[in-house]
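Reader: I have just opened this one and would like a friendly walk through it. Could you take my questions one at a time?

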Amino acid sequence: MMLENLAATEALAARLAALARPGDAILLSGELGAGKSAFARAFLRAAAGDPALEVPSPTFTLVQSYALPGGGQVHHLDLYRLGDASELAELGFEELAQDIMLIEWPERMDETPPGALRLQLSILDDDRREARLDGWEGRL
């Protein structure tokens, strides 16, 4: 799917936020600058129902958690600085997996969470991105 601009990325994020449910993992892949963080920010704002929600990057903290209005949480993980996959246990990954997870740099994990939605973002030019979705059969 073509994403012509940031607004298109944000619209995709909002649509997926409406479909996400506890136990879901959304795996965000793509090179630096492909739009993973922009997608995550828009997803979190849509899920929380707060367009002004402050969404700092979890690059150094590795995990940022956000409460949802109807209960539950979304956890935004950035695994770029993860030393190795064994550090996921230290982050409480099993507990986080009970809620919704947005995972940037999932390539750093040993295993993909079952039933995960994979979103691959590719840069086409300054504004346009290509998004490839794989997973959530029957929901998309």
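Author: Gladly, and we can begin with a rule: two strands pair if DSSP finds at least two bridges between them. Please keep in mind that this is a predicted model.

Reader: With that rule in hand, which residue in S7 does Ile123 stand opposite?

Author: Strand S6 is joined to strand S7 (residues 129-134) by six bridges, and the two run antiparallel. Within S7, the residue opposite Ile123 is Arg129.

Reader: In what order do the seven strands lie in the open sheet?

Author: Strands of a sheet pair through backbone hydrogen bonds, either parallel or antiparallel. Here the pairing is mixed. The edge strands, each pairing on one side only, are strand S1 (2-3) and strand S3 (63-67). Reading across the open sheet, the order is S1-S7-S6-S2-S5-S4-S3.

Reader: How many bridges link S4 and S5?

Author: S5 also pairs with S2, in the parallel sense over four bridges, and there Leu27 has Ile103 of S5 as its bridge partner. Towards S4, Val74 stands opposite Ile100 in S5. The pairing of S4 and S5 is parallel too, and the number of bridges is five.

Reader: How many residues of S5 are buried?

Author: In a regular strand the side chains alternate between the two faces of the sheet. For S5, Ile100, Leu102 and Glu104 are buried on one side, and Met101 and Ile103 are buried on the other. The strand is largely enclosed by the rest of the structure, because the buried count is five of the five.

Reader: Let us turn to the aromatic rings. What kind of aromatic pair do Phe39 and Phe43 form?

Author: Both Phe39 and Phe43 are buried. They are about one helical turn apart, because they sit four residues apart in helix H2 (residues 36-48). Their ring centres are 6.2 Å apart and their planes are at 35 degrees. Planes under 30 degrees apart would count as stacked and over 60 as edge-to-face, and the pair is tilted.

Reader: The count comes to two aromatic pairs. How many residues apart in sequence are the parts tied together by Tyr80 and Trp105?

Author: The rings of Tyr80 and Trp105 have centres 4.9 Å apart and planes at 55 degrees, so this pair is tilted. Tyr80 is in the loop between strand S4 (73-78) and helix H3 (87-90), while Trp105 is in the loop between strand S5 (100-104) and strand S6 (117-123). The pair therefore ties together parts whose separation in sequence is 25 residues.

Reader: Is Trp105 buried or exposed?

Author: Its partner Tyr80 is partly exposed, at 36% relative accessibility, and Arg108 lies over the face of Tyr80, 5.1 Å from the ring centre. Trp105 has a relative accessible area of 15%. Because the cut-off for this class is under 20%, Trp105 counts as buried.

Reader: Now the charged residues: there are three salt bridges by the rule used. Which residue forms a salt bridge with Arg139?

Author: Side chains of opposite charge can pair when their charged atoms come close. Arg139 lies in the segment after S7 and its partner in the loop between H1 and strand S2 (25-29), so the pair ties together parts 115 residues apart in sequence. Arg139 also lies over the face of Trp136, at 4.1 Å from the ring centre. In the salt bridge, the closest N and O atoms are 2.7 Å apart, and the partner is Asp24.

Reader: How far apart, N to O, are Arg118 and Asp134?

Author: Arg118 lies in strand S6 and Asp134 in strand S7, so their pair ties together parts 16 residues apart in sequence. Arg118 is partly exposed at 38% relative accessibility, and Asp134 is partly exposed at 42%. A salt bridge needs a side-chain nitrogen within 4 Å of a carboxyl oxygen, and here the N to O distance is 3.9 Å.

Reader: Which residue meets Arg128 in a salt bridge?

Author: Arg128 is partly exposed, with a relative accessible area of 28%. Its partner, at 2.9 Å from N to O, is Asp125.

Reader: Last one: about how much accessible area does the nonpolar patch have?

Author: Leu19, one of the patch residues, is in helix H1 (residues 6-19) and is partly exposed at 32% relative accessibility. Met1, Leu133 and Leu140 join Leu19 in the patch on the surface, and together they have about 330 Å².

Notes
Residues are numbered from 1 along each chain as its sequence is written. This is a predicted model: local features need pLDDT of at least 70, side-chain atom pairs count only at pLDDT 80 or more; totals for chains, interfaces and linings use all residues. Side-chain values use heavy atoms; hydrogens and water are left out. Patches are made of residues with over 30% relative accessible area and no salt bridge: like charges are joined within 9 Å, nonpolar side chains (Val, Leu, Ile, Met, Phe, Trp, Tyr) within 5 Å. Accessible areas come from the Shrake-Rupley method with a 1.4 Å probe; for residues, only the protein chains shown count as cover. Buried means under 20% relative accessible area, exposed over 50%, partly exposed in between (1.4 Å probe, protein chains only). Rings of Phe, Tyr and Trp (its six-membered ring) pair if their centres lie within 6.5 Å; planes under 30 degrees apart count as stacked, over 60 as edge-to-face and the rest as tilted. A charge sits over a ring if NZ of Lys or CZ of Arg is within 6 Å of the ring centre and within 35 degrees of the ring normal.
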